[in-house]
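Colleague: I'd like to learn how to read a structure like this one. Could you walk me through it, feature by feature?

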Amino acid sequence: MPCIVAPSLLAANFLHLEREIEMINRSEADWLHLDIMDGVFVPNISFGFPVIEKVAGICKKPLDAHFMIVEPQKFIPEVKACGIFQMNVHYEACIHLHRTVWAIREAGMYAAVTLNPHTPVELLEDIIQDINMVLLMSVNPGFGGQKFIEQSLDKVRRLKEMIIRKGLKTLIEVDGGVNLQTGKQLVDAGADVLVAGNAIFNDQNPEQVIRDLKKL
Ligand code: DX5
Ligand code: ZN
């Protein structure tokens, strides 16, 4: 089965957002990945609801939103109102993760849990049955264009084993430093969804990169 490709809007040209989203609409991308940063959980600030609402208004692909913020549970109604289909919250940002996951589901969205590079996948043993997807960060969150952390491949393999052992259908998404080369290694290790920012938006032919990623 071809992998799911989710271009990360963070690497787009924000002066020409409409043009960039039209490219995504034309492309074979499956989802559009949105990176929301608060300057507290991560040392950077990206964009918020006013931008997301406008993007949602013209984007034809489902929106996969990655919240790099503290207390993401506070914004569940606003996230739902934007038309986001899947809300990713960080394991490290949620004290009551089970409650947050169920609040996301009860709001009518898919819930996904994101792990920083240092957080072991084994910590998901008692929540994985309740979520649609695990997002493994293969860079430290906060910035695009960073180098892929090799240890992520082992995490993908261990997580896949856990999912199979439990008889679940949980998706594995990987985000950070993904290109055609690291993407291939990730798919071989068991990743289902590839997020790519710079590898897509900084290429002369982004639609071709998306097609090539889907073939991995
Ligand atoms: C980083 C973000 C990523 C980022 C990926 O904190 O979560 O989605 O945009 O960018 P690349 O693919 O350039 O590493
Ligand atoms: Zn992301």
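**Reading the zinc site and its surroundings**

Modeller: Let's begin with the metal. Around the zinc ion (ligand 2) sit 6 donor atoms, and the angles they subtend run from 69 to 169°, which makes the arrangement octahedral. Keep in mind that this is a predicted model.

Colleague: Which residues coordinate the zinc ion (ligand 2)?

Modeller: H33 through NE2, D35 through OD, H66 through ND1 and D175 through OD, at 2.0 to 2.3 Å. Along the sequence, these donor residues follow the spacing H-x1-D-x30-H-x108-D. Take D35 and H66: D35 is in strand β2 (residues 32–37) and H66 in strand β3 (residues 63–68), so this pair, 31 residues apart, links distant parts of the chain.

Colleague: Are D35 and H66 buried or exposed?

Modeller: The cut-off to remember is that buried means under 20% relative accessible area. D35 has 3% relative accessibility, so D35 counts as buried. H66 comes out at 0%, so H66 is buried too.

Colleague: Next, charges. How do I read a salt bridge?

Modeller: Look for a side-chain nitrogen of Lys or Arg within 4 Å of a carboxyl oxygen of Asp or Glu. By that rule the count here is 10 salt bridges. One of them joins the side chains of R26 and E207, at 3.1 Å from N to O. R26 belongs to helix α1 and E207 to helix α8 (residues 206–214), so the pair ties together parts that are 181 residues apart in sequence.

Colleague: How accessible are R26 and E207?

Modeller: R26 has a relative accessible area of 55%, so R26 is exposed. E207 has 21% relative accessibility and therefore counts as partly exposed.

Colleague: What about a salt bridge inside one helix?

Modeller: Try R158 and D154, whose closest N and O atoms are 3.0 Å apart. They are 4 residues apart in helix α5 (residues 151–165), so about one helical turn separates them. R158 is partly exposed at 24% relative accessibility, and D154 is partly exposed with a relative accessible area of 29%. There's a further partner to look up as well: E122, D154 and R158 are linked in a network of salt bridges.

Colleague: And where would I find K184 and D188?

Modeller: In helix α6 (residues 180–189), 4 residues apart, which means about one helical turn lies between K184 and D188. Their side chains meet in a salt bridge of 3.0 Å, N to O. K184 is partly exposed at 40% relative accessibility, whereas D188 is exposed with a relative accessible area of 55%.

Colleague: Which side chain of opposite charge is nearest to E20?

Modeller: That's R19, at 6.1 Å; E20 is buried yet has no salt bridge. Remember the cut-off: the nitrogen has to be within 4 Å of the carboxyl oxygen. E20 is found in helix α1 (residues 17–26). If you leave aside its neighbours within four places in sequence, E20 is in contact with A12, N13 and F201.

Colleague: Last topic: rings. How do I tell how two of them are arranged?

Modeller: Check the angle between their planes: over 60 degrees counts as edge-to-face. The structure holds 4 aromatic pairs. Among them are W31 and F85, 5.1 Å centre to centre with 65° between the planes, so they are edge-to-face. W31 lies in the loop between α1 and β2, and F85 in the loop between α3 (76–81) and β4 (86–90), so the pair ties together parts that are 54 residues apart in sequence.

Colleague: Are W31 and F85 buried or partly exposed?

Modeller: W31 is buried, with a relative accessible area of 9%. F85 is partly exposed, at 21%. F85 also pairs with Y110, again edge-to-face: the centres are 6.0 Å apart and the planes make an angle of 85°. This pair links distant parts of the chain, since F85 is in the loop between α3 and β4 while Y110 is in strand β5 (residues 110–115), 25 residues apart. Y110 is partly exposed, with a relative accessible area of 45%.

Colleague: What do W31, F85 and Y110 form?

Modeller: One aromatic cluster. Try finding those three rings in the view.

Notes:
Residues numbered from 1 in each chain as written. Chains lettered and ligands numbered in written order. Predicted model: local features only at pLDDT ≥ 70, side-chain atom pairs only at ≥ 80, totals over all residues. Heavy atoms only, no water. Donors = N, O, S within 2.8 Å, 3.2 Å for Na, K, Ca; no water. Tetrahedral: all angles 85-135°; square planar, octahedral: opposite > 155°, others 65-115°. Helix = DSSP H or I, 4+ residues; strand = E, 2+ residues; numbered from the N terminus. Buried < 20%, exposed > 50% of the residue type's maximum accessible area, 1.4 Å probe, protein only. Lys, Arg positive; Asp, Glu negative; His and termini not counted. Contact = heavy atoms within 4.5 Å. Phe/Tyr/Trp six-rings, centres within 6.5 Å; stacked < 30°, edge-to-face > 60°.
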